[in-house]
Amino acid sequence: MTPSIFRRLPSPEPSTLTGFSGNTLDRRSEQRNEASLSAALADPTARIVLLRGDEAMLRSGEAANALFTIREAEAVGAALDEVILLGWDGSSPRLATTITSETSFDVDAFHAVSLRTLAINGAAGNLLADTADPETLGALAQARALLHWHRSCRYCGRCGTRTTMAQGGYRRDCPNCEAQFFPRTDPVAIMLAIHEDNCLMGRQARFAPGTYSCLAGFVEPGETIEDAVRREIAEESGVKIGRVAYHASQPWPFPMSLMIGCFAEAISTNIVPDTHELEDCRWFSRAETLSMLEGNHPNGLSTPPRMAIAHTLIRAWAEGD
């Protein structure tokens with residue numbers, strides 16, 4: 001018999017509704033090492049993804065094919081001395097590396113598309129634009145986060161010596177003081193405060209015109225997720241929070257965060273916004289929120305795109321009980 005705690009969980013799992021969450025690669029984390037990376041590079045079935053900052057290289061004329069052979073990666077000047085091992089798709093290795101902004105390539109054969117664009121198009125079901133399947137998009141997010149970490153952790157934080165890659169890209173070692181460094185993920189609490197039939201949303205100046213979203217902030221050391229939710233909402237809006245409920249998470253490779261989505265029970269309603277953080281912050285009724293989600297708000301207000309966990313949180317509340 002299924003325990004009641006699992007019977008109450010929503011289906012589909014809310015995290016699967018967010019962009020970058022579809023990674024199905026077999027990471028084999030206990031088996032990754034220098035030998036497995038060398039074997040992967042020698043495997044004729046190996047395929048590699050190529051990133052240029054926040055952009056993925058795609059084959060032109062095909063539906064977001066982001067997988068290249070090792071020979072094709074060499075041909076466009078990819079940094080094969082900095083390849084990382086993502087995992088395996090069945091028995092076929094999947095790797096990743098970077099190309100620089102100065103790298104020239106045949107635009108008739110390849111083009112670069114931002115990961116955000118791929119995620120937005122995929123969530124919108126836009127098959128006429130650059131669209132990546134969820135598995136590929138998830139692998140690209142994994143690659144983006146790891147490659148960024150390698151660029152930012154080239155030197156030992158203890159003695160300053162240049163570090164070297166190890167374990168297929170999942171560790172960097174200092175040859176001088178023998179310190180070891182591992183990829184990090186930065187936890188971010190993102191939350192929708194609720195009071196009766198209203199939710200709290202804000203907007204920053206950098207948002208698209210008319211877009212309102214959940215409040216969010218980094219979880220600080222020594223802090224529970226629940227306390228981070230209460231603190232961030234209080235700091236940004238002045239609203240006090242009681243109970244907190246986890247809903248979903250999203251890998252967010254800009255540069256290497258994990259968004260932790262929660263609902264928060266507001267026990268006050270007076271808003272005192274942090275004007276350094278927010279351009280505006282206010283309560284929205286369920287009916288107004290639904291009109292924003294469906295794109296027919298009379299004043300043109302909107303929510304973040306479907307690929308964002310903020311959209312998942314807002315829709316789950318607006319369409320729920």
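Here is a short conversation about a predicted model.

Colleague: Before we start, what pLDDT do side-chain atom pairs need in this predicted model?

Modeller: Residues are numbered from 1 along each chain as its sequence is written, and side-chain values use heavy atoms, with hydrogens and water left out. In this predicted model, totals for chains, interfaces and linings use all residues, local features need pLDDT of at least 70, and side-chain atom pairs count only at pLDDT 80 or more.

Colleague: Thanks! Is Arg231 buried or exposed?

Modeller: Happy to help. Buried means under 20% relative accessible area, exposed over 50%, and partly exposed in between (1.4 Å probe, protein chains only). Arg231 has 17% relative accessibility, so this residue counts as buried.

Colleague: Which residue forms a salt bridge with Arg231 from four residues away in helix H6?

Modeller: A salt bridge here is a side-chain nitrogen of Lys or Arg within 4 Å of a carboxyl oxygen of Asp or Glu. Arg231 meets Glu223 in one such bridge, at 2.6 Å from N to O. Helices (H or I, at least four residues) and strands (E, at least two) are DSSP runs, numbered from the N terminus. The partner four residues away in H6, about one turn of the helix, with closest N and O atoms 3.2 Å apart, is Glu235.

Colleague: And what is the nearest side chain of opposite charge to Glu236?

Modeller: Lys and Arg count as positive and Asp and Glu as negative, while His and the chain ends are not counted. Glu236 is found in helix H6 (residues 225-237) and is buried, yet has no salt bridge. The nearest oppositely charged side chain is 7.6 Å away, and that is Arg231.

Colleague: Nice. How many residues apart are Glu265 and Arg243?

Modeller: These two form a salt bridge, with their closest N and O atoms 2.9 Å apart. The pair links distant parts of the chain, with Glu265 in strand E13 (residues 257-266) and Arg243 in strand E12 (residues 241-252). Their separation is 22 residues.

Colleague: Let's turn to the hairpin. Which residue in E4 is the bridge partner of Gly87?

Modeller: Two strands pair if DSSP finds at least two bridges between them. Strand E3 (residues 84-89), with five of its six residues buried, is joined by five bridges to the antiparallel strand E4 (residues 92-98). Two residues lie between the strands of this hairpin, and Gly90 in the turn has a positive phi of about 70°. In E4, the partner of Gly87 is Arg94.
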